Amino acid sequence: MEASVSDPKKRRQHLPETATGVAGLTNCGAVTLIAVSVQTGKAVITASSSADGKFALKIGKRTSASLDSVVADYLLIATGSSKEGYSLAGQLGHSIVDTVPSLFTFKINDPDLTELSGVGPMLVTHWGLSGPVILRLSAWGARDLHSSGYKGTLIVDFTPDLHKEEVKAVLLNHKKKFVKQKMVNSSPPEFDLFKRCWKYLLNREGVAEDILWASVSSETLFSVASLLKDCSFEVTGKGQFKDEFVTAGGVPLSEISLNTMESKLKRNLFLAGEILNIDGVTGGFNFQVRDPSF
Ligand SMILES: Cc1cc2nc3c(=O)[nH]c(=O)nc-3n(C[C@H](O)[C@H](O)[C@H](O)COP(=O)(O)OP(=O)(O)OC[C@H]3O[C@@H](n4cnc5c(N)ncnc54)[C@H](O)[C@@H]3O)c2cc1C
């Protein structure tokens, strides 16, 4: 991580390297940034503020019990979704909106499904479903999914641009045109489904592999149309712990001055990035939250 340490009220200066997301800045004047000491491989363990407005930090290696004391005039907490960071913000008087994972994949126990691997807005993986559509859903539903223990029924509409009646009409029309072809080998192009996905859906409906379009009953066509519009999957969990991209929750934005990222509760304390109660969908929006806030 590149921590941006600055005299927050005057200008910004990027330090070339640091392993700490918490930057204490001493003697911060217009030209005295050389007073910044960069310490790598260490974590800020505790933070408190004193009556004279300074910050007292305890810093040390996670593997060692010995801690150094640092006194800082300014403090920037930019610890991402680390528990320690939320704890530091709490020690300095901030509240924390409950944190839950966001942007994660869905675990689905369906061997036939997981055999399909395809790239698209919904990506089938060897453990379930991923891709932009699923990640977006996980972000919008982050709290509900967390409270349901990441279990539930996912309904997928494979033909979102067509109404159910239009899907039926497409199937009936295809049947008329491709009488002599096997249903499994010829899917209507209007659905834009890759071959294995079409086969998977027909299997789920119990359609015989060798049936010709000519022999398919209207009843079967209508049940295939229903499946295309409302295909349910039992979600049994989320992708592995820590596989999620981002954390929802954190320090409420109402406790921060959004012009300067300074805390409204403690002067000279700044908070930036994922520690704040803000998270976005994929596409760089989380980086966008982080970068301008530094
Ligand atoms: C696999 C993955 C893919 C992602 N893809 C995208 C994407 O495509 N688009 C997008 O917008 N976002 C994406 N994100 C999210 C994005 O990376 C984060 O939202 C963003 O990096 C948060 O920046 P930050 O500076 O707030 O925190 P971080 O980048 O997490 O930096 C926090 C730093 O603080 C340090 N730290 C923590 N606690 C302490 C402590 N007590 N003392 C000292 N230092 C400490 C940590 O070691 C770390 O270096 C992805 C995240 C992951 C994990």
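**Strands, helices and loops in a predicted model**

Visitor: Which strands form the open sheet, and in what order?
Guide: The open sheet consists of three strands in the order E4-E5-E6, and their pairing is antiparallel. The model under discussion is a predicted one.

Visitor: Why do E4 and E6 stand at the edges of this sheet?
Guide: Strand E4 (43-49) and strand E6 (68-72) each have a single partner strand, so each has one side without a neighbour in the sheet. On average, neighbouring strands here are turned by 25 degrees against each other, direction ignored.

Visitor: What makes E4 and E5 a pair?
Guide: A pair requires at least two bridges between the strands. Six bridges join E4 to strand E5 (residues 55-60), and the two strands run antiparallel. These six bridges satisfy the requirement, therefore E4 and E5 are called paired. One of the residues involved is Ala 43, whose bridge partner in E5 is Gly 60.

Visitor: Which strands pair with E13?
Guide: Strand E9 (residues 106-108) is joined to strand E13 (residues 231-238) by three bridges, and these strands run antiparallel. Phe 106 stands opposite Lys 238 in E13. Strand E12 (residues 152-156) also pairs with E13 in the antiparallel sense, over five bridges. Here Thr 153 stands opposite Glu 234.

Visitor: What holds paired strands of a sheet together?
Guide: In general, strands of a sheet pair through backbone hydrogen bonds, either parallel or antiparallel.

Visitor: Let us turn to the helices. Why is H6 called oblique to H7?
Guide: Helix H6 (residues 195-204) and helix H7 (residues 218-229) pack at an angle of about 120 degrees, with their axes 10 Å apart. Angles from 65 to 115 degrees count as roughly perpendicular, and those over 145 as roughly antiparallel. The angle of about 120 degrees falls in neither range, so H6 is oblique to H7. The crossing of the two helices is right-handed.

Visitor: Which residues meet where H6 and H7 pack?
Guide: Leu 201, Leu 202 and Arg 204 in H6 meet Val 224, Leu 227 and Leu 228 in H7. The residues of this contact comprise five nonpolar, no polar and one charged.

Visitor: Does Tyr 150 count as buried, exposed or partly exposed, and what decides this?
Guide: Tyr 150 has 17 C-beta neighbours inside 10 Å. A residue is buried at 20 or more and exposed at 12 or fewer. The value for Tyr 150 lies in between, so this residue counts as partly exposed. Tyr 150 is found in the loop between helix H4 (142-147) and E12, and its phi is near 60 degrees, a positive value in a residue other than glycine.

Visitor: Why is Asp 192 called exposed?
Guide: Asp 192 has 12 C-beta neighbours inside 10 Å, and the limit for exposed is 12 or fewer; therefore Asp 192 counts as exposed. Asp 192 lies in the loop between helix H5 (164-177) and H6. Its phi is near 55 degrees, again a positive value in a residue other than glycine.

Visitor: Where is Phe 245 found, and which residues does it touch?
Guide: Phe 245 is found in the loop between E13 and strand E14 (246-250). Leaving aside residues up to four places away in sequence, Phe 245 touches Leu 103 and Thr 282. With 17 C-beta neighbours inside 10 Å, Phe 245 counts as partly exposed.

Visitor: How many helices and strands are there in the protein chain?
Guide: The protein chain has eight helices and 17 strands. Of its 294 residues, 28% are buried.

Methods: Residues are numbered from 1 along each chain as its sequence is written. This is a predicted model: local features need pLDDT of at least 70, side-chain atom pairs count only at pLDDT 80 or more; totals for chains, interfaces and linings use all residues. Axes are lines fitted to C-alpha atoms, for helices over the stretch in contact, and angles run from 0 to 180 degrees between N-to-C directions. Helices (H or I, at least four residues) and strands (E, at least two) are DSSP runs, numbered from the N terminus. Angles under 35 degrees count as roughly parallel, over 145 as roughly antiparallel, 65 to 115 as roughly perpendicular and the rest as oblique. A crossing is left-handed if the near helix is turned anticlockwise from the far one by less than a right angle, and right-handed if clockwise. Two residues are in contact if their C-beta atoms, placed from the backbone, lie within 7 Å. Ala, Val, Leu, Ile, Met, Phe, Trp, Tyr, Cys and Pro count as nonpolar, Asp, Glu, Lys and Arg as charged, and the others, Gly among them, as polar.
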